[in-house]
Amino acid sequence: MNLYAEIILNSEALEIDRPFTYKIPVELEEKVQVGQIVKVPFGMGNKTSEGFVLSIKGENEVNISFKVKKISAIITDEPIIDEDDIKLINFLREKYLCKYIDAFRLLIPVGIMKGAKSKSKKVIVFKSDDLSCIKKPEGYIEIINFLKENSGKYTKSELINVNSISQYKLNKLIEKGLLVVEEETVFRYNNRTYNIDYEKELTFEQKHVLDEYNNSGNNLFLLKGVTGSGKTEVYMRMVEEVLEKNQSAIVLVPEISLTPQMIERFKGRFGRDVALFHSKLSDGERFDEWFRIKEGKAKLVVGARSAIFLPVKNLGLIIIDEEHENTYKSDQNPKYQTKEVAEFLSEQKGCRVVLGSATPTIETYYRALTGDLKLLELNSRVDGKAMPPMKVIDMRNELRSGNISLFSRELFRDMQEKLSKGEQIILFLNRRGFSTFVSCRSCGYVFKCEECDISMTYHRSGLLVCHYCGKTKRAPQKCPKCDSKYVKFFGAGTERVEEEVKKYFKDARVLRMDVDTTRGKDSYEKIYNTFKEGKADILIGTQMISKGLDFKNVTLVGILAADMSINIPDYRAAERTFQIITQVAGRAGRGEKQGKVVIQTYTPEHYSLEYAVNYDYEGFYEKEFTVRALMKYPPFGNILLINGISKKEDLLKNFMHKISNVIKPLVEKEVEVDILGPIPCLVAKVKENYRWQIVIKGEFESEFAKKIKELLYDENKNVYNDIRISMDINPNNLF
Ligand code: ADP
Ligand code: ZN
Ligand code: ZN
């Protein structure tokens, strides 16, 4: 019987995003396996292409109404992925509307795609010191003794050039078989040693949580624990159990370079066999870690989101720390949500998934309350201390009393006091680059789109635009609520904060941590260590400093403009504000001294602030839940973003209108679905490329999204060279 293989070609082209059938030549019948990379002829000229074997089929399973071509050669002897992986690829393709090839690339390190091999070196290994076969053995004794002690440590050229051993004599010893040359794999991973992290005696709550975890029949968990409640210790116990059963575990952190303490602790507890996996690794390092894991040499992986696709053996547990962070959603194709992939793997492999956070997303908490996830809770800090008190400062009053600086009077006084005591201060400024809203400094009024409940964005043309639906309004000169003329668009950067700090606090040692100051390699760690060692008094920073930092001497945290996150043009603005404030507050008063948090805002009555300052997650959840229900935002509906990118503005605009018209009949059939746009994106042009978007919002299933994808693919074929489209289900933002 003839055998056939379904092959996915390693190509970006949209029109070949489907399996192609090839005949397996008789001489390769025994060798071709699912998951291998093979060479195949493709197209009119039969150019050689690479492809992945998706499946192998018998004669009667394929439909061959034309002349099939043959696989020409096998590139990788061993399959690179297995049947489970293929199922995962299909899941990614269906769920995130991506191409096969995008999904393959997630699972396979770039190195392999480029044909990389593990790096190896040839070392000299000692075999025997029987010099009787050599004429004048005296001159060799020293050399052979040296290699007896240093067997396998040096390469030939090192011995010759560094240890000044005669090349002639070395060759002679090799020729006589007293020494041999052996190939050894060199792993390029981080070999640094870490301080041992000793197991702690569990608190009552931690024990209780672990008991519940162990006795549960569920595989999905939410560990909700206030900052400092000892979640990491709980994770480590969960991991330990898995490793004892000879299974593997994956621990995901939002961004590996921003969570040095997490890595220190896991490495310190579990030793060198912890693999680290994240985007800052070189292709070579990634390849090595991937290989080490595939071979089963590392059973625990700590990494950023992409680590979920590593070929771990016997997966027993996936932990997703700070599950609410938006870095778990990929911003490149496939635009996967790591938590959903983890759940897929849990079903496929029967492993457990633990999501952890002090401030779970509305979607996750909803699922925990409805029983999809088993809820585990840690309600008190390990040290038994209360959370630091938070104080909201109404910046409208500051304006009224003539204070136009970035600091309220209270924050200013607090800063003076802490500096005089030699304590440290963190100043936090949420910044999202391009977006800027318009508000009244006098009464706090913010221009919002009534349809979408989203802050409108100011454009240089003087227009206010809603970036969900495209509605516009002329930016007024006066506040429609209080008539004040202090209607301005909002914006301040960390640099400006630094300037003001230096102006008012001349003797303070100031550090700034944002994208600009952390570009260089290790620059984050440098700033982090300088502050930790007490060599600076004030740390100014963006979101970066809200994560996982643990400084004992920080007793004051100032959130300079809470408005900047309250008014990001996103339906999650309130949620993000609540999360950020809770998290930043967790940075204050970690040591013996009492901490304080000052929050400055023009809208102190906003519910995200009211609940945050009382550490009332449940209260916030309930309020936000009703808002989401009213607006049909997740978890009550989905958002499908369709993006078009092109160098040709008119072509793109026409195309987006056309597809919108094609999609409309489909949307109109659904009761609770709306189509918004097409409109230019908030960032309407990047480099030479124009960007447009269509948003589909409401209660729809993945079947509906798939139909839309098919329509889009069809339309896009004709203009594929000029316009790139992409789709994103529940995107992080609509920028
Ligand atoms: P979270 O991740 O919930 O914010 P951590 O796991 O970072 O909390 O724990 C906060 C601090 O408490 C850490 O310094 C940690 O080492 C310590 N800790 C955790 N569990 C215990 C325990 N059972 N006994 C003593 N100290 C603990
Ligand atoms: Zn006003
Ligand atoms: Zn709108």
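## Exercises on two zinc sites, a helix pair and local backbone features

The four donor atoms around the zinc ion (ligand 2) subtend angles of 105 to 112°, so the arrangement is tetrahedral (four donors count as tetrahedral if all angles lie between 85 and 135 degrees). The model is predicted: local features need pLDDT of at least 70, side-chain atom pairs count only at pLDDT 80 or more, and totals for chains, interfaces and linings use all residues. Residues are numbered from 1 along each chain as its sequence is written, chains are lettered from A and ligands numbered from 1 in the order in which they are written, and side-chain values use heavy atoms, with hydrogens and water left out.

**Exercise 1.** Identify the protein donors of the zinc ion (ligand 2) and place C440 and C479 in the chain.

Step 1. Donors are N, O and S atoms within 2.8 Å of the metal (3.2 Å for Na, K and Ca); water is not among the atoms, so sites may look incomplete. The SG atoms of C440, C443, C479 and C482 qualify, at 2.2 to 2.4 Å from the zinc ion (ligand 2).

Step 2. Along the chain these donors have the spacing C-x2-C-x35-C-x2-C. C440 belongs to strand 18 (residues 438–440) and C479 to the loop between strand 23 (472–474) and strand 24 (487–489), so the pair ties together parts 39 residues apart in sequence. Helices (H or I, at least four residues) and strands (E, at least two) are DSSP runs, numbered from the N terminus.

Step 3. Buried means under 20% relative accessible area, exposed over 50%, and partly exposed in between (1.4 Å probe, protein chains only). C440 has 1% relative accessibility and therefore counts as buried; C479, at 1%, counts as buried too.

**Exercise 2.** Work out the donors and the arrangement at the zinc ion (ligand 3).

Step 1. The zinc ion (ligand 3) is coordinated at 2.3 Å by SG of C449, C452, C466 and C469.

Step 2. The angles among the four donor atoms are 105 to 112°, and the site is tetrahedral.

Step 3. The donor spacing reads C-x2-C-x13-C-x2-C. C449 in strand 19 (residues 448–449) and C466 in the loop between strand 22 (463–465) and strand 23 link distant parts of the chain, 17 residues apart. Both C449 and C466 are buried.

**Exercise 3.** Describe how helix 18 (residues 573–585) and helix 20 (residues 617–631) meet.

Step 1. Their axes come within 10 Å and cross at roughly 170°. Axes are lines fitted to C-alpha atoms, for helices over the stretch in contact, and angles run from 0 to 180 degrees between N-to-C directions.

Step 2. Helix 18 is therefore roughly antiparallel to helix 20 (angles over 145 degrees count as roughly antiparallel).

Step 3. Contact (heavy atoms within 4.5 Å) involves A574, E575 and F578 of helix 18 with Y617, F620, E624 and R628 of helix 20.

**Exercise 4.** Locate the cis peptide bonds at P334 and P635, and the positive phi values at D453 and K687.

Step 1. Most residues other than glycine have a negative phi, and most peptide bonds are trans.

Step 2. The bond from N333 to P334 is cis, with omega near -10°; P334 sits in the loop between strand 13 (315–321) and helix 11 (338–349). P634 and P635 are also joined by a cis bond, with omega about 5°.

Step 3. D453, not a glycine, has a positive phi of about 60° and is partly exposed at 32% relative accessibility. K687, also not a glycine, has a positive phi of about 55° and is exposed, with a relative accessible area of 77%.

Notes: Angles under 35 degrees count as roughly parallel, over 145 as roughly antiparallel, 65 to 115 as roughly perpendicular and the rest as oblique. Four donors count as tetrahedral if all angles lie between 85 and 135 degrees; four count as square planar and six as octahedral if opposite donors are over 155 degrees apart and all others between 65 and 115; anything else is irregular.
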